[in-house]
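The following note is offered to a reader who is new to structural models. Its points are numbered so that each may be compared with the structure in turn.

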Amino acid sequence: MERRVVRPPVEREVDDEFSFHVEMRVRELTARGWHEDDARAEAIRRFGDMERVKADCRELGARRDTRMSRRLWWDETRQDFGYAVRQLRRSPGFAALTIVTLGIAIGANTAVFSVVNGVLLRPLPYPEAERLAVLWTRYLPPSGFDIPKFQLSGPEFLDYQETSRAFESLGVYVNGSRALTGEGSDAERIRVALQSAGVLTTLGVRPMFGRAFTPQEDVPGGPAVTILGYDVWANRFGGDPGIIGTSILMNGVSTEVVGVMPEGFSYPEGTRAWLPLGLDRTTAGGRGGHGYYAVGRLAPGMTMGDVRAELDVVRQRWAQEFEHNEAHFLWAQDLHSEIVADAPARLLLLMSAVGLVLLVACANVANLLLARGERRQGEVAVRTTLGAGRGRITRQLATESFVLAAAAAAVGLVLALAGTRGLIALDPEALPRLGEVGLDANVLLFTTGATLLTALLFGVAPAYLAGRRAAASAASSTHRTVGGRRTGALRRLLVTGEVAMSLVVVILAGLVVRSFSALTSADPGLDTDDLLTFSLTLPPAAYPDADLVPAAYETLLERVRAVPGVVGATAASALPFGGLSQWDFQLDDRPPRQEGDLAWNAGITHVATDYFETLGIPIVEGRGLTTRDGRGEALVAVVSRSMAARFWPDQNVIGKRFGYQMADDETGESYVPWITIVGVVPDPVTSSVAREPYPHVYVPEAQGGISTYGVPRSLSVAVRAGTSVASVTPAVRRAVAEFDRDLPLYQVTTMEAVVSRSLSGPRITANLLGAFATVTLVLAVVGIYGVISYSVAGRTREIGVRVALGAERHAITRMILGEGARPVALGIAVGLACAFAATRLIEAVPSRPDGSSILYGVQPADPLTFSLLPLGLLALGIVASWIPALRATRIAPTEALREE
Amino acid sequence: MGLSRTGRGLLHGTLDALVLKTLSHGALHGYAIARWIEERTGGAIQVEEGSLYPALYRLEKKGLLRSEWGVSELERRAKFYSLTSRGQATLEAQTEEWLRFSSAVTSLLGSV
């Protein structure tokens, strides 16, 4: 082809092309003898409507140009990409360090986000789950003694259900357990919920096979029917759809299976089968019998605000209608908040900390890139000379950053996947809904976003500076300006930022770790070593006479105590950390309770013999409970310290009396069988050591019914082993089987495991924050070291001259150390301020009605944390700059001067 | 009589195929393309410029042609078109298709 000519813009291109064509045609026609004017007219005529054709061509040409520039962009990008990969391969150490640093940071962010996503962001697995809410009762007397959250009483639920307009449907349930026997399988005890027909309607979930309970089944004394959970159906009954309509044995009672729930459905969490509740006015019990959980679905268009307004009205009405009811009222909370409980606060904290880790990693990599950019000035200069513009250089370096970030994202995804799986496997109960955590589109979107942001953060400044330098070096002949002033300032700024952010993470971690260690070292109130615990239920089918249940337990305990290696055994309606039953009581030594008085309410545990002795709970006053405190003897109780302090402050409580409402079997008249206090023990821990102690009473199970609630049939057994729990467990199981082979042991565990599980939320938070803090510390130290040693390397000549001029070694060291210490000290000052603000935020996270908070036993502005950690970081900073400083003093002047 | 001298008389897509064929021997400017077609078909096909240029721009947009400005044999600035590799492939495919089609038509008409 002929010489090239630059393409004109598309408007002129068409004009030029067409006029050339016309000229050529005129030339042809005149050569054939046409008159020039005719020839021109003919040539133009052949175009038809020339203006329209031009317009068409211009439009096509413009579209062609956009396509071409797009293609050019892609080609350049592909080129840049290939170039970037080659460049990175040429410096594998740099590439690996960067990819690992960013990979860990992106991985940690992805992992934490996938938990946030699964726990907080994904909707609950029910249709229109945002319309679901749960109801609780609160007791808030003017005396200020608040019981913020407990179950409803039957009448409370029924009253509210009758009048509620805010809820389209309401369901009510209680938790229980049933033994599955027969069918050739081992006896097994499963968690069940006894629920009204309204629960499934409210949740909007239908059985996978069969049907839900009918209103006719949900009545007192209704037929024995059950709906099985998916896993029970699949594992115990072989996944046979023909099970519908057949009968199975539950607690020895033949029960017809009417439905099977779909896989994954377990409401309330952990429930494996459902039975009709049959709650109505005849079975609801008194207004003080709080044992019912309630869930509701908002009517269309209704909000939680409407519910609150409605509940306010109910509260006022009840206060007028019922005596002593003024301080009892219902409140509602949306189901999602209820389930995730305090997880949002923890996850917010973790997400913020891990975000800072990513920023620190970005700062570090930006530092590396700046240093690399300076080393590559030669290469950049060559490319500039070859015609690459400043934009092109910047873009090429930015591509390199994106390649690094993308590789890091791949590493991060693998780490995140492994990390979350490991975390969940380690402790599936550390957070609610952990089972729903996994990689999904949200998580991938987040990772992509985080990666792009990362590349922008660490890549843009170095790329911009390199582009600038390229432009400058094209203009001037001397391009050797290692550690230019602008770059140096930027790097010191990065160190300052890095140190500040690390300090925030480290202080947050310090506070959380300190509160976790306060939790673990808090007194659990009993000797937790070598204690085997499990639960048993003596079902009415096999043990019809409730009065004989305590004696049956004593016989069983005697068998267990006879097992070699067992030093003691006891049983109770709940062991420490095993939850709380609260009953209202009466007091003998004062007039009937007045409105506004303290709640006459305490936790209650029915205990078998040797309870305090076996668990290692000291008697602080009076005596414990003995075998002489049996049926027909004077009713006695041991109370906790706060029970004594709250109701008999500054008095001797031994001999004081309290009691529970009882109804006479024949006349139905109510009376109070008084119970005499014989001893005082420390306050028990009922769920977590972080909870405020609550008044508690212990009554001997053997004395039988002391209230309308009767005697508990389900007890938890605690067995103290002489050497180890593992060595006695099989023999204890055999002893129980010899007593009754249809009696399944459930919740078999050790007290240590129970205590440990009560701390799983704080533990996961502390462990993760600790890990994040370690990572940021390492990154910060590496960052400081990198900046200082790079600056020393750049000043070899200057230092050499100083040494040659007789500068003392320690003066050089001081100069370098000072240079490192300044940005570190500034960073620490900024970090302290930020950390202080951050702890304010933690405090500001609204504490939930159940009283759980992230910090325990440590002040948000804990002086120890706020002084030791910054000092430690400063020390690390000095060490990190001391090594390059030492190296600087060894620079021989001759060598330094020869370097250029 | 021969085919009409207007592009409209050509079967749809035929002009594109002719352009591609014309350029298979080397780069040409628009006028040369028109002339080449006229000469090769003995004037039986006259390409109207109002159809030819939009066809050239369209083919270039599709990436079957590329264009470059150069200097013509008469020392004038001209825009030269040449085939891209995709254009070459398209030409081969269209030629094959056309031959199959025309032989089918020929055998059909010939058999009457």
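1. The model under review is predicted. Chain A is divided into four parts: domain 1 covers 10-79, domain 2 covers 141-326, domain 3 combines 343-522 with 760-898, and domain 4 covers 543-741.

2. Attention may then turn to the spacing of two of these domains. The C-alpha centres of domain 3 and domain 4 of chain A are 56 Å apart.

3. The largest nonpolar core comprises 95 residues. Within this core, V357(A), V505(A), L508(A) and F772(A) touch the most other members. Helix 10 of chain A, spanning residues 343-375, supplies the largest share of the core, with 21 residues.

4. One residue named above merits its own point. When residues up to four places away in sequence are left out, L508(A) touches L349(A), A353(A), L769(A), A835(A) and A838(A). Apart from the core discussed in point 3 lies another, of 62 residues, which includes L536(A), L556(A), V678(A) and V755(A).

5. The last matter is the contact between the chains. Here 25 residues of chain A meet 21 residues of chain B. On the side of chain A that touches chain B, the elements giving two or more residues are strand 1 (4-5), helix 1 (10-31) and helix 3 (50-90). Helix 3 of chain A provides the largest share of that side, eight residues.

6. What is the division of the residues on the side of chain A that touches chain B into nonpolar, polar and charged? Nine are nonpolar, three are polar and 13 are charged.

Technical notes
Residues are numbered from 1 along each chain as its sequence is written. Chains are lettered from A and ligands numbered from 1 in the order in which they are written. This is a predicted model: local features need pLDDT of at least 70, side-chain atom pairs count only at pLDDT 80 or more; totals for chains, interfaces and linings use all residues. A nonpolar core is a set of buried Ala, Val, Leu, Ile, Met, Phe, Trp, Tyr and Cys residues joined through C-beta atoms within 7 Å. A residue is buried if 20 or more other C-beta atoms lie within 10 Å of its own, exposed if 12 or fewer, and partly exposed in between; C-beta atoms are placed from the backbone. Helices (H or I, at least four residues) and strands (E, at least two) are DSSP runs, numbered from the N terminus. Two residues are in contact if their C-beta atoms, placed from the backbone, lie within 7 Å. Domain bounds come from an automatic or database domain assignment. Ala, Val, Leu, Ile, Met, Phe, Trp, Tyr, Cys and Pro count as nonpolar, Asp, Glu, Lys and Arg as charged, and the others, Gly among them, as polar.
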